[in-house]
Amino acid sequence: MLLAMPFPMTLVPDVRRIAVLRASALGDFVFALPALAALRAAYPAAEITLLARAWHAELLAGRPSAIDRVIALPEGFVGDEGGPVSPAERRRVLRRLRGEGFDLGIQLHGGGRNSNPIVAALGARVTAGSRTPDAPPLDRLVPYVYWQREIDRWLEVVALVGGAAVGLDPTLVATDDDRVRSERIVPPTDMPVVVLHPGATDRRRRWPAERFGAVAAALGAEGRKVLVTGSGDEADVVDRVVSASRGRAVGLTGRLDLAAL
């Protein structure tokens, strides 16, 4: 259930350009997709720009989505994902973003300690986001509740500017190019395919590899083709899952680009 809104869920008039800050990892981006769909439905004629990372631009290029374009921020720009950005570089990027003339600035990037100042600096007529007690304010806010479901949290944020939910399931369109890329690595099969992704940036959040392996073994025994994916630095956990599967799973460490994945 979504929390009660401290602001009326009304559209902002005369919105032509919207900026959405969501410069996080792939799983986090997927959780924001229902909110982005709600924003697109509320403002069908507006241009929606995602302020994110270079890989977002790669993933969304030529792919039907709620996003019209991506502006890739320098690594470390938000302040919670890598090395620092120099003050001069930060000023240059913010000057460029202010020059875009955004009408709405939406923060879908955490509790706001690092991200709210960026959205506030866009110069948008209205800003909205979530906020922990120690984060700077925006025009419209919902409290950041740590244990809340991510999908619900970001739907609450876009509801602050009139974005009513159109669905709760994240949807990312697969293109013909995606299928071609994936079939180069995994040929089509009549078997049901199950993909396991055991990695996580924070190792403390990883379900034990041996349990993934037990799941893979059981699924394989039921006649499913089990694939285990991971980036190059997740080779160790992928190998452990494959080993624990008793020959029922195939590891694809580092072999899939984003489109193929």
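Helices and strands are DSSP runs, numbered from the N terminus. On that basis, R206 of this predicted model falls in the loop that connects β7 (193-196) with α7 (209-221).

**R206 and E234**

R206 is buried, yet it takes part in no salt bridge. The nearest side chain of opposite charge is that of E234, 4.1 Å away. Since a salt bridge needs a side-chain nitrogen of Lys or Arg within 4 Å of a carboxyl oxygen of Asp or Glu, the distance of 4.1 Å leaves R206 without one. The side chain of R206 does have a polar atom 3.1 Å from the backbone oxygen of A200. Setting aside residues up to four places away in sequence, R206 touches P198, G199, A200, E234, D236 and V237.

E234 sits in the loop between β8 and α8. E234 is also buried and without a salt bridge, with R206 as its nearest side chain of opposite charge. Beyond residues up to four places away in sequence, E234 touches H197, G199, A200 and R206. G199 and A200 thus appear among the contacts of R206 and among those of E234.

**The β7-α7-β8 unit**

The strand that precedes the R206 loop, β7, is joined to β8 (residues 225-228) by 4 bridges, and the two strands run parallel. Within this pairing, V194 has V226 of β8 as its bridge partner. Together, β7, α7 and β8 form a right-handed β-α-β unit.

**Salt bridges**

Over the whole structure, 19 salt bridges are found. Side chains of opposite charge can pair when their charged atoms come close. Three of the pairs are set out below, with the distance between the closest N and O atoms and the relative accessible area of each partner.

| Pair | Closest N and O atoms | Arg accessibility | Acid accessibility |
|---|---|---|---|
| R125 and D103 | 3.4 Å | R125, 43% | D103, 7% |
| R149 and D152 | 3.3 Å | R149, 47% | D152, 9% |
| R240 and E210 | 3.6 Å | R240, 40% | E210, 46% |

R125 forms a salt bridge with D103. R125 lies in the loop between α4 (115-120) and β5 (126-131), and D103 in the loop between α3 (87-98) and β4 (104-107), so this pair ties together parts that are 22 residues apart in sequence. R125 is partly exposed, whereas D103 is buried.

R149 forms a salt bridge with D152. Here too the arginine, R149, is partly exposed and the aspartate, D152, is buried.

R240 forms a salt bridge with E210. This pair links distant parts of the chain, with R240 in helix α8 (residues 235-244) and E210 in helix α7, 30 residues apart. R240 is partly exposed, and E210 is partly exposed as well. Elsewhere, R17, E47, R69 and E100 are joined into one network by salt bridges that share partners.

**Two glycines**

G163 is in the loop between α5 (150-159) and α6 (176-185). Buried means under 20% relative accessible area, and G163 has 1%, so G163 counts as buried. The C-alpha atoms of G163 and Y43 are 8.1 Å apart, although 120 residues separate the two in sequence. Apart from neighbours within four places in sequence, G163 contacts A38, A42, L155 and V158.

G251 belongs to strand β9 (residues 249-251). With a relative accessibility of 28%, G251 is partly exposed. From G251 to G230 the C-alpha distance is 8.3 Å, for a sequence separation of 21 residues. Not counting residues up to four places away in sequence, G251 touches V228, V238 and V242.

**Positive phi outside glycine**

D14 is not a glycine but has a positive phi of about 55°. D14 is located in the segment before β1 (17-21) and is exposed, with a relative accessible area of 67%.

R246, likewise not a glycine, has a positive phi of about 60°. R246 is in the loop between α8 and β9 and is exposed at 66% relative accessibility.

Methods. Residues are numbered from 1 along each chain as its sequence is written. This is a predicted model: local features need pLDDT of at least 70, side-chain atom pairs count only at pLDDT 80 or more; totals for chains, interfaces and linings use all residues. Side-chain values use heavy atoms; hydrogens and water are left out. Buried means under 20% relative accessible area, exposed over 50%, partly exposed in between (1.4 Å probe, protein chains only). Lys and Arg count as positive and Asp and Glu as negative; His and the chain ends are not counted. A polar contact is a pair of N or O atoms within 3.5 Å; within protein, one must be able to donate a hydrogen and the other to accept it, and residues adjacent in sequence count only if both atoms are side-chain atoms. Contact means heavy atoms within 4.5 Å. Two strands pair if DSSP finds at least two bridges between them. A crossover is right-handed if, with the strands pointing away from the viewer, the path from the first strand over the helix to the second runs clockwise.
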